[in-house]
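Visitor: I'd like a close look at the sheet in this complex, and then a walk outward from there to the contacts between chains and the helix packing. Could you take me through that slowly?

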Amino acid sequence: MSRLVLGVVTGVILVLPLLAPAYHVLLMLPFMAYAVIVLGLNLLFGYTGLVSFGHALFIGIGAYTGAVLTTHLGVRSLELMLLASAALGALIAAPVAALCVRYVKIYFGMLTLAFGMVFYTFLLKFYRLTGGDEGMQVLRPTLLGQDLGGIPKTDYLVGPYYYYSLAVLVLAGLVMWRIVHSPFGLCLRTIRDNPTKAEALGISIVRYRWSAFVISAVYAAVGGALLGPPTGNVDPTLAYWTHSGNIVFMTLLGGFANFFGPVLGAFVFIFLQDTVMAVVPYWRLIFGAILALVVIFAPTGLMGLVARRRPAEVARA
Amino acid sequence: MILRAEGVRMFYGDFCALDGVSVRVDTGEFVSIIGPNGAGKSTLINVLTGALKPSGGTVRFKERDISGIGPVRLARLGMARSFQLVQVFPDLTVVETLQAAVVSRLGRGTRVFAWLGRDSEVREGALEVAELFGLADKAHTPAKHLPQGDKKLLDVASAFALYPEIILLDEPTSGVSTRDKHAVMEILVSASKRLGIKSIIQVEHDMDIVFGYSDRIVALHQGKVLADGPPEEIRANDDVVNTVVGRKAGAFERGA
Amino acid sequence: MTANLVNILLGGIFHAAILFLVAAGLQVVFGVQRIFNLACGSFYALGAYVGVTAVRAFTGAGGSPALFIVPLVFGGLLVGLVGVVVERGLLSFVYDSDEAFQLLLTFALVLMLEDVIRLTWGTAPYSTAGLYLVYGQVTLLGAQVPVYNLIVIGASLGIAVGIGWLLTRTAFGRIIRATADNREMAEALGVDMRWVYAKVFTLGTALGTLGGALVIPTTAAMSEMGIELIVEAFAVVVIGGLGSMRGAFVGALVVGVFRAVAIAVYPALEMLLIYLIVIAVLVLRPRGLFGGAAV
């Protein structure tokens with residue numbers, strides 16, 4: 001059943017650019033970027049039990065890596081942008097994670113938030129490098145060596161860039177699927193459920209948490225790099241703490257206990273935000289209320305609501 | 001000799017919890033630690049399992065100093081433990097819990113991209129232990145949905161799945177109904193034989209169990225070893241009977 | 001030179017006085033309810049807007065400008081009553097939930113309050129137009145210091161003493177401290193937890209809204225002021241130690257003064273310096289300078 005749903009969804013996404021208006025196809029781009037980000041975030045949140053309020057830091061790393069590469073260094077290849085973002089994300093996450101994973105719960109959340117704000121302040125204040133609050137331009141990247149500078153921007157985005165993003169998302173999803181079903185993934189879940197017992201079984205909680213953090217940071221950086229080209233611009237709010245909060249929100253909205261939950265959450269978040277903002281500018285009020293309702297009445301998110309109705313059909317993630 | 005603590009002292013501020021305690025466990029032995037509340041049993045367990053670094057004295061496991069080395073390295077060295085307050089992974093099934101232990105024993109936790117479901121060694125290792133503990137028919141039940149007695153068994157079983165050389169059981173039958181206590185102990189003893197676990201050290205309040213299964217009993221009182229010897233000797237020791245076992249001695253004599 | 005230094009220091013201390021109020025609200029709530037309230041900055045913003053509105057209404061109705069501080073404080077404290085609504089209407093549902101959910105619920109509050117403010121007051125900055133200078137300025141070691149700033153610093157000190165008195169000398173304070181130490185024990189002794197939580201959260205909220213009201217005569221209210229302040233308040237409590245009142249006091253001074261000095265010396269450093277201090281404290285002394293103490 002769930003395979004059928006997944007197949008149908010993938011099919012719809014594949015043909016969407018042929019059927020849907022460009023406007024909605026364009027909205028799929030941030031969705032796919034955020035889907036990559038929350039897939040990674042949920043390795044930390046849903047599978048390891050750590051809530052980061054600073055992952056926007058790595059989104060910012062990815063986004064600005066793309067901007068610096070295209071505008072300052074003349075590198076236009078999206079493959080290189082993604083690789084560089086992943087590498088830089090891992091490089092910065094390694095020491096940050098080493099410091100953060102020694103703490104749990106509220107202290108972990110605060111420490112990640114502090115690191116996120118360090119980077120945000122850096123982006124804001126060192127404007128010669130980063131453009132300050134104006135941000136930076138991201139020039140149109142080449143895809144698989146194809147310079148697509150000649151076609152109109154919308155055609156570029158709803159065509160090649162759309163399928164490129166989709167490919168990245170599918171690849172990221174497959175890799176994450178392997179990770180959570182690996183012995184490593186099982187060890188993460190033991191740590192989430194009961195760190196004391198996990199240690200008694202010889203599982204080093206600090207090392208596993210560190211690894212989960214770094215992997216999730218790489219995902220955030222890759223997703224961040226995908227966010228830049230559609231708008232052609234990146235700015236420091238990408239690294240702001242409320243942005244970190246929003247991606248946790250997406251994860252919770254869709255359901256952290258299910259592999260696909262966060263992806264669904266990202267989808268609902270992006271499209272609902274767009275729908276609401278078309279009517280009133282006060283999306284935060286409505287989203288805040290939704291978040292409050294989810295936290296109080298449906299902590300397992302949308303996927304949890306589906307699973308409650310049809311417990312037998314939902315595969316354990 | 002597999003585990004040996006000598007002259008262990010432990011202070012919490014001015015309070016002396018352990019005052020020169022020496023304990024040894026030989027290969028193949030089943031040793032019980034008994035003592036009234038506050039005798040220092042919990043502290044001694046924490047010292048023996050490397051969770052606490054003693055203020056004085058030494059703790060050696062297979063001739064290696066293990067004072068304060070922590071649970072992870074201890075498990076790697078071949079010593080496992082279960083907990084007095086039952087410790088399980090609420091959202092993991094029985095078989096997943098045991099798989100986690102087997103993964104840890106085989107050092108496969110770093111395999112980030114391997115497909116766990118296709119690792120037959122891990123699967124069979126987990127199933128074997130599940131069967132030994134009579135948990136096979138509940139293999140896919142999440143731990144949080146198990147009855148209390150089965151949770152206790154799962155806690156112990158996952159420690160056994162590490163194939164340790166020695167296992168420390170902290171009140172293995174607490175929370176288990178009197179009727180089931182002997183059944184649980186029989187499972188533990190036979191499982192340890194099947195899995196090649198050489199020695200067992202337990203802390204236990206139930207004197208039936210203590211006298212029924214131990215090769216040797218160590219009685220603690222006020223941070224000191226009051227007596228150390230085979231069950232017959234302990235039973236004949238008036239000091240121990242008065243302070244630890246209690247006057248209702250008839251029950252355990254029948255049980256033994 | 002001295003005048004400059006005095007200006008910088010007093011500017012820092014003024015900021016610290018405001019920060020202390022917000023951080024104290026954060027601390028009392030965390031100490032008792034174990035909830036880290038991300039929305040304390042939003043309460044601060046709310047207090048600021050209500051403060052401006054109250055003062056404008058007061059002067060508009062012919063009130064003497066010299067008395068503006070009366071409606072300001074009154075408005076700031078009154079809006080603190082939203083704390084009851086928030087506690088009973090939202091937080092009371094999640095006391096048994098995981099910390100992550102509690103944190104996210106206060107984040108939901110941040111989102112909502114930001115738009116409530118935009119809906120009510122618009123997006124343009126909103127100010128009392130330099131009204132604070134009505135009390136004039138004094139010269140301190142060659143520096144021109146607005147009297148209003150000194151009043152606020154004094155008021156904040158007074159509140160600090162008042163909170164200390166409340167916590168250590170009153171029956172309510174004993175209940176608060178008992179609850180912070182051991183909730184089950186306090187409950188077993190017959191303390192009605194719902195009532196304590198409602199009062200504590202309202203106290204925490206009112207401290208935040210009062211902070212917002214007091215700062216507003218010297219600056220303009222903006223809808224983002226809340227989410228910006230929360231990071232500073234957060235820095236204060238991390239440096240001082242979560243849940244500790246003395247920590248809030250010292251932490252506020254550290255953040256306020258360091259920030260003022262950084263702005264004067266090398267503006268790019270501003271908050272960066274604060275975050276680096278925060279990280280250093282968390283890494284070296286995770287419980288903060290005064291951590292471990294209950295409330």
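Guide: In this predicted model, chain B has an open sheet built from four strands, and going across you meet them in the order β2-β1-β4-β5, with antiparallel pairing. The edge positions belong to β2 (15-25) and β5 (64-65) of chain B. Each of these has a single partner strand, so one side of each has no neighbour in the sheet. Take the pair at the β2 end: β1 (residues 3-12) of chain B runs antiparallel to β2(B), and eight bridges link the two. If you want one of the rungs to click on, try F11(B), whose bridge partner in β2(B) is C16(B). Now bring in the helix: α1 (residues 41-48) of chain B packs on the sheet and touches β1, β2 and β4 (56-61) of chain B. The direction of α1(B) makes about 125° with that of β1(B).

Chain B doesn't sit by itself, so let's step across to chain A. That contact uses 32 residues from chain B and 20 residues from chain A. On the chain A side, the elements giving two or more residues are α7 (153-180), α8 (183-193) and α9 (195-200) of chain A. Of these, α8(A) gives the most, with seven residues. The chemistry of that side of chain A is mixed: eight nonpolar residues, seven polar and five charged.

Chain A also meets chain C, and there the contact draws 34 residues from chain A and 36 residues from chain C. Look at the chain C side and you'll find α5 (99-121), α10 (225-240) and α12 (270-284) of chain C, each supplying at least two residues. The largest share comes from α5(C), with 16 residues. By class, this side of chain C has 30 nonpolar residues, one polar and five charged.

Two of those helices, α10(C) and α12(C), also pack against other helices of chain C, as the next two pairs show. Start with α10(C). Helix α2 (residues 40-60) of chain C packs with α10(C) at an angle of about 130°, their axes 7 Å apart. That angle makes α2(C) oblique to α10(C), and the crossing is right-handed. From α2(C), the contact uses C40(C), G41(C), S42(C), Y44(C), A45(C) and A48(C), while α10(C) brings M225(C), G226(C), I227(C), L229(C), I230(C) and A233(C). Sorted by class, that contact has nine nonpolar residues, three polar and no charged ones.

Next comes α12(C). Helix α11 (residues 245-265) of chain C and α12(C) have axes that come within 8 Å and cross at roughly 140°. The two are therefore oblique to each other, and this crossing is right-handed. Here V254(C), V255(C), F258(C), R259(C), A262(C) and I263(C) of α11(C) meet E270(C), M271(C), L273(C), I274(C) and I277(C) of α12(C). The class split is nine nonpolar, no polar and two charged residues.

As for confidence, chain C averages a pLDDT of 88, with 98% of the residues scoring at least 70. Among the elements of chain C, helix α4 (residues 82-89) has the highest mean pLDDT, 93, and helix α8 (residues 183-188) of chain C the lowest, 79. For the complex, the predictor gives an ipTM of 0.89 and a pTM of 0.90.

Note on methods: Residues numbered from 1 in each chain as written. Chains lettered and ligands numbered in written order. Predicted model: local features only at pLDDT ≥ 70, side-chain atom pairs only at ≥ 80, totals over all residues. Contact = placed C-beta atoms within 7 Å. Nonpolar A, V, L, I, M, F, W, Y, C, P; charged D, E, K, R; others polar. pLDDT = per-residue confidence, 0-100. Axes fitted to C-alpha atoms, helices over the stretch in contact; angles between N-to-C directions. Parallel < 35°, antiparallel > 145°, perpendicular 65-115°, else oblique. Left-handed = near helix turned anticlockwise from the far one by under 90°. Pairing = 2+ DSSP bridges.
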